[in-house]
Amino acid sequence: MMNDVELKSVELSNGETLAYRLRSGGDEPLLLVHGNMSSSLFFDVLFDTLDKRFQVIAVDLRGFGLSSYHRPIRHIEDFAEDLLLFVNTVGWSQFSILGWSTGGGAALQLGSMIPDRVRAIILLASMSTRGYPFYAAEAEGKSSELRRLTTWDEIAAQEKSRMMESAIERGDKGLLRAIYDAVVFSTAKPSEKRYEAYLDEMLLQRNLIDVYHALNIFNMTNEPHECSPGTGALKRVSCPILCVQGTDDLVIARQMTEELIQDLGERLTLAEGKGFGHAPQIDDAQWLSDQIAQFVLE
């Protein structure tokens with residue numbers, strides 16, 4: 001497993017250090033960007049199954065895994081700016097990028113910053129172009145009364161936020177596993193050895209509330225929502241986009257996928273994994289790898 005993968009790191013010009021995993025050998029650069037409560041290690045199965053024509057890098061975002069967290073992130077754009085410095089540092093001029101969940105927002109943002117260099121984007125169980133809304137706990141289950149929070153302080157004060165942050169701080173693998181069993185690995189589970197390694201990686205996160213807030217206020221469209229007037233950056237994304245979405249995803253609501261379809265229009269191709277949850281790479285890594293190869297290479 002991952003015998004040909006190197007764990008490396010690079011210091012960026014902004015003072016942050018990003019750790020990354022590299023599978024060399026191919027001549028088609030593919031950057032993998034993980035989601036919240038995870039790290040580059042969560043792509044280990046893809047390192048084993050992705051087409052050998054790819055040179056694959058999976059990076060730990062700022063504040064995750066083995067990467068540094070000197071300056072707190074405030075926006076998903078902060079991750080994208082790090083990624084731009086990263087690809088410049090490793091010398092990639094043109095490349096494709098896969099973003100899982102939160103990483104999908106970072107991938108789209110990077111695509112808007114350097115549209116001439118991003119050949120293709122794969123959105124894997126991705127957040128919406130209009131963010132991932134964080135609602136007040138008292139309104140949960142009452143669709144007519146949902147109130148989207150607007151500030152970092154409001155999000156930090158929520159019981160869910162305090163519970164998750166506390167679990168990471170005290171190293172409560174049991175709670176983290178229960179949560180992942182319920183909503184992320186809800187349709188298939190990784191091997192026990194992989195699962196334990198994933199749990200160890202979750203405990204390295206240092207930016208949970210910052211990420212919640214960044215997800216909530218994200219908006220690349222021209223249409224305002226409760227937290228953002230919209231940046232309009234989406235219009236600068238010009239490459240073809242593959243959206244891979246599990247039909248049984250419990251993290252990404254179907255509405256978010258519909259927003260991606262509506263906002264990206266003809267740029268987007270939808271590939272649905274029947275019976276897949278929020279981690280298609282665990283549900284069927286070979287199927288996912290085949291989808292990526294067909295979209296980017298053929």
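This report describes the fold, sheet, helix packing and nonpolar cores of a predicted model.

## Overall fold

The chain contains eleven helices and eight strands. Its radius of gyration is 18 Å, close to the 19 Å given by the globule rule for 298 residues, so the chain is as compact as a globular protein of that length. The C-alpha trace spans about 50 × 45 × 40 Å along its principal axes.

Of the 298 residues in the chain, 56% are buried. The accessible surface comes to about 12,000 Å², and carbon and sulfur atoms account for 48% of that area. Among contacts with a separation of 6 or more, 72% are between residues 24 or more positions apart.

## The sheet

Eight strands form an open sheet with mixed pairing, in the order β1-β2-β4-β3-β5-β6-β7-β8. The edges are taken by β1 and β8 (268-273); each has a single partner strand, so one side of each is left without a neighbour in the sheet. On average, neighbouring strands of this sheet are turned by 20 degrees against each other, direction ignored.

## The β1-β2 hairpin

Strand β1 (residues 5-11) and strand β2 (residues 17-23) run antiparallel and are joined by seven bridges. Glu-11 is found opposite Thr-17 of β2. Five residues lie between the two strands of this hairpin, and in the turn Gly-15 has a positive phi of about 95 degrees.

## Helices on the sheet

Helix α3 (residues 102-113) packs on the sheet and touches β3 (28-33), β5 (95-100), β6 (118-124) and β7 (241-246). The direction of α3 makes about 150 degrees with that of β5.

Helix α11 (residues 285-297) lies across β3, β4 (54-59), β5, β6, β7 and β8. The angle between α11 and β6 is about 155 degrees.

## Nonpolar cores

The largest nonpolar core has 50 residues, and Phe-185 and Ile-292 are those with the most contacts inside it. A second core, separate from the largest, has 46 residues, including Ala-80, Leu-83, Ile-114 and Ala-214.

Which residues does Ile-292 touch, not counting those up to four places away in sequence? They are Leu-30, Leu-50, Phe-54, Leu-98, Ile-122 and Leu-297. By residue number, Ile-292 falls within helix α11 (residues 285-297). Among its partners, Leu-30 falls within β3 (28-33), Leu-98 within β5 (95-100) and Ile-122 within β6 (118-124).

Technical notes. Residues numbered from 1 in each chain as written. Predicted model: local features only at pLDDT ≥ 70, side-chain atom pairs only at ≥ 80, totals over all residues. Heavy atoms only, no water. Pairing = 2+ DSSP bridges. Helix = DSSP H or I, 4+ residues; strand = E, 2+ residues; numbered from the N terminus. Core = buried A, V, L, I, M, F, W, Y, C linked by side-chain atoms within 4.5 Å. Buried < 20%, exposed > 50% of the residue type's maximum accessible area, 1.4 Å probe, protein only. Contact = heavy atoms within 4.5 Å. Rg over C-alpha atoms; globule rule 2.2 N^0.38 Å. Areas by Shrake-Rupley, 256 points an atom, 1.4 Å probe, with all protein chains shown as cover. Axes fitted to C-alpha atoms, helices over the stretch in contact; angles between N-to-C directions.
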